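Biologist: I am new to this kind of picture. Could you show me how to read a few features?

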Amino acid sequence: MRRKKGLSFYKKKRIIKPSAVQAALLWVGEIVLAFAIGCVLVFYFMTGLTCVGQAMEPSVNSGDSVFVNRFIYLVSTPQRGDVIVFKPNGNENSHYYMRRVIGVPGDTIQIIDGFVYVNGELYETGIGSEQMDYAGLAEEELTVGEGEYFVLGDNRNASEDSRYADIGNVKLEDIYGKAWFVSFPWENFGPIPKGGS
């Protein structure tokens, strides 16, 4: 039985096909967005630096290329065990240093018989050399100030770090970011180990 034509309360949906111009604009917009996201990721998470010197051996060797996370300290603060990248005392003419955070604001630090004590307890990273020939500023107990960090190299006896007056405690505003991944050479490729607790 044929249905009679009559009034219909159901409107036929009109299918709107985007024009070629709209499709092209959408495509260009997606490319621009992907490019912008890529730039942000590279700028904040994959900034590359080269390690200078032996202070961070065996975690990072001299000449290793390292990715630096520049975003992390915009939303959090450095933690014990992080390897930070900084310019000592904000000296713009200096190269970037990489050192491991041992003391955070409020901690007491002292080096006794070549070993570092944090808040009265022996602190070991479990990476590289632990015993030091030189105690420097930490020979007497010191307290890490607000917005400051006490840092040491993993290769303690070949490291210029917070024990030395020309570096001292590192200020938060002088920290460039967190070194988190060795990208080259291939035999060292991988994340930088987090030592201590």
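Modeller: Happily! Helices and strands here are DSSP runs, numbered from the N terminus. Keep in mind that this is a predicted model.

Biologist: Thanks! Where does S162 lie?

Modeller: S162 sits in the loop between β9 (148-152) and β10 (170-171).

Biologist: Is S162 buried or exposed?

Modeller: Buried means under 20% relative accessible area. S162 has 2% relative accessibility, so it counts as buried.

Biologist: Which residues is S162 in contact with, leaving aside neighbours within four places in sequence?

Modeller: They are L137, Y149, F150, V151, I167, G168 and N169. Two of these also appear in polar contacts: the side chain of S162 reaches the backbone nitrogen of V151 at 2.9 Å, and a polar atom of that side chain lies 2.8 Å from the backbone oxygen of G168.

Biologist: Now the sheets, please. How do strands of a sheet pair?

Modeller: They pair through backbone hydrogen bonds, either parallel or antiparallel. In this model, an open sheet of four strands runs in the order β7-β6-β5-β8, with antiparallel pairing. Its edge strands, β7 (121-122) and β8 (142-143), each pair on one side only.

Biologist: How many bridges join β6 and β7?

Modeller: Two bridges, in the antiparallel sense, with β6 covering residues 115-118. As an example, Y117 has L122 in β7 as its bridge partner.

Biologist: And what about R70, in the loop between β2 (65-69) and α2 (72-75)?

Modeller: R70 has 23% relative accessibility, so it counts as partly exposed. Its C-alpha atom is 9.4 Å from that of V85, a residue 15 places away along the chain.

Notes:
Residues numbered from 1 in each chain as written. Predicted model: local features only at pLDDT ≥ 70, side-chain atom pairs only at ≥ 80, totals over all residues. Heavy atoms only, no water. Buried < 20%, exposed > 50% of the residue type's maximum accessible area, 1.4 Å probe, protein only. Polar contact = N/O pair within 3.5 Å; in protein donor to acceptor, adjacent residues only side chain to side chain. Contact = heavy atoms within 4.5 Å. Pairing = 2+ DSSP bridges.
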